[in-house]
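Student: I am new to this structure. Please take a close look at one part for me: enclosed space and the helices around it.

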Amino acid sequence: MRLEQRFYNLLALAMQGLLYHCTFCTLYDVAFPQQLPKHLFLPTIYIPLFLFSMIRNTCHHFLPFLLMHIIVSGISMLFAPGTITRAMVGCCMALMALQSFHIRLKPVYDRQEPCPPLASVGLFFIIYLFDQFNHRPFATKISYYEIFLYLILFAAYKSLTNTNKFIQSNQDMDNLPYGQLKTLNKIILFIFILFLLIGMASMQYLPIAPVLSGIGNLLLMILKGILRFLFSLFDSAKSPVGESMGEDISPPPFVDTVEISPLLQLLEQLLKTAFYLLAVFILVKILLKVFYAIYQRFYEQHKLDTDESEFLLDEPHVIEKIKRKYKKDDEPITNNTNRKIRRMYRKYIRRQFGNAGTVPPWMSPSELEDAITLQNNTGGTPDATDNANTQQRLLLYEKARYSQLECEKQEVDQFKQLL
């Protein structure tokens, strides 16, 4: 993997870690108010995240891949203090492991970490409003800074990757200033990040908290009004039957219990046991199918969107040549008069053009006769006898070549005299 691609993966992993970290810190601050540690769980989030990325790129077998995820998640839980903290860390590790499986099982996996979308900023904003409304200043400050940090990382990732894609797609273009483009892109990116940092430093002194608090109270009042209206509908729908009929509901009379036989009790236990076994069998079967589907998907050959050659037959198709056995009735008739005339005319044409000449294949019989006449009578005109012989020769040949009638032997003799 190239150094440039590793840097892009580092930016994408940093953005993923910010999403996990902001959510985890908010949940921990709700469970243990004002007890966030000094390291803010940064090693707990980022170390397993980077280890999962390394496992995705190095483990090519399913069982080691699964085992390494379990080991990393278990070690992260062991270092967490307290039962509730371990449970929260376990949930976070489970989400990170599921995401790692999802990335690895993609149809086209090119060892490139996916960049979270820009819409993820909405999650930071929701967490910020939640912490602000519940008067948690420390968690609010964490989410506030992580919003701007996420925007900086996202801008750097998109700017650098899009510039790199543009340069790679235009490598064949002559006189393209690659170095100037990269330098200009870095300058613009630096100015944008500088404005973000100035905004991050200045916005915390603006009176934003009262405005957000007022918006939160308004939304809470609307939600409470909707819930009260729904509860009033449910309360009005509940009307006891005894009160509506004006009757007192008295307890049911005493009913003597009937003794159940041991055989029925045994049958009931057998039915319950069979039902539980069937439910466990169905659950195990579903889990095995899901596990096997993931196993097959892991070893699935990842193919790029390129042309591909496929052989439709496993073995080359051999066509056997069958020699046809002619019978006496199927033998071609070579001694008929039409064939004789055509053969004699072919020899006549070749003789007239000479052995070194080439007979033009596109000429008709009349055009061939005109060419022969022009060649034999250079500087003069043919007499009437030659013209008559030529016309008669053409009539006999066209009859033998194009007609369905059979020429007679006298016509064969006449054709010989005309050549």
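Tutor: What follows starts with the enclosed space and then turns to helix packing. This is a predicted model, in which local features need pLDDT of at least 70 and side-chain atom pairs count only at pLDDT 80 or more, while totals for chains, interfaces and linings use all residues. Residues are numbered from 1 along each chain as its sequence is written, and side-chain values use heavy atoms, with hydrogens and water left out.

Start with empty space. Rolling a probe the size of a water molecule over the atoms shows where it is left. A cavity is a set of points, on a 1 Å grid over the protein atoms alone, where a 1.4 Å probe fits but cannot get out. Its volume is the space filled by probe spheres set on the points, which are joined across faces, edges and corners. The structure holds one cavity of 30 Å³ or more. The largest cavity has about 30 Å³ of space.

Now look at its walls. Lining residues have an atom within 4 Å of a point. Here they are Leu-13, Gln-16, Leu-49, Phe-52, Arg-56, Met-96, Gln-99, Ser-100 and Ile-103. Three elements each give two or more residues: α1 (3–31), α2 (42–58) and α4 (83–104). Helices are DSSP runs (H or I, at least four residues), numbered from the N terminus. α4 gives the most, with four residues. By class, the lining has five nonpolar, three polar and one charged residues. Ala, Val, Leu, Ile, Met, Phe, Trp, Tyr, Cys and Pro count as nonpolar; Asp, Glu, Lys and Arg as charged; the others, Gly among them, as polar.

Next, take α1 and α2 as a pair. Their axes come within 10 Å and cross at roughly 140 degrees. Axes are lines fitted to C-alpha atoms over the stretch in contact, and angles run from 0 to 180 degrees between N-to-C directions. That makes α1 oblique to α2. Angles under 35 degrees count as roughly parallel, over 145 as roughly antiparallel, 65 to 115 as roughly perpendicular and the rest as oblique. The contact (heavy atoms within 4.5 Å) includes Leu-13 and Gln-16 of α1 with Leu-49 and Arg-56 of α2. Those four also line the cavity. The contact residues divide into 11 nonpolar, four polar and one charged.

Finally, follow α4 to its partner α3 (residues 62–78). The axes come within 9 Å and cross at roughly 155 degrees. The two helices are therefore roughly antiparallel. Phe-62, Phe-65 and Leu-66 are among the α3 residues that meet α4, whose side includes Met-93, Ala-97 and Ser-100. Ser-100 is also a lining residue of the cavity. This contact has nine nonpolar, five polar and two charged residues.

Notes:
1 Å grid on protein atoms, 1.4 Å probe; cavity = no way out; pocket = protein on both sides within 12 Å on 5 of 7 lines; lining within 4 Å.
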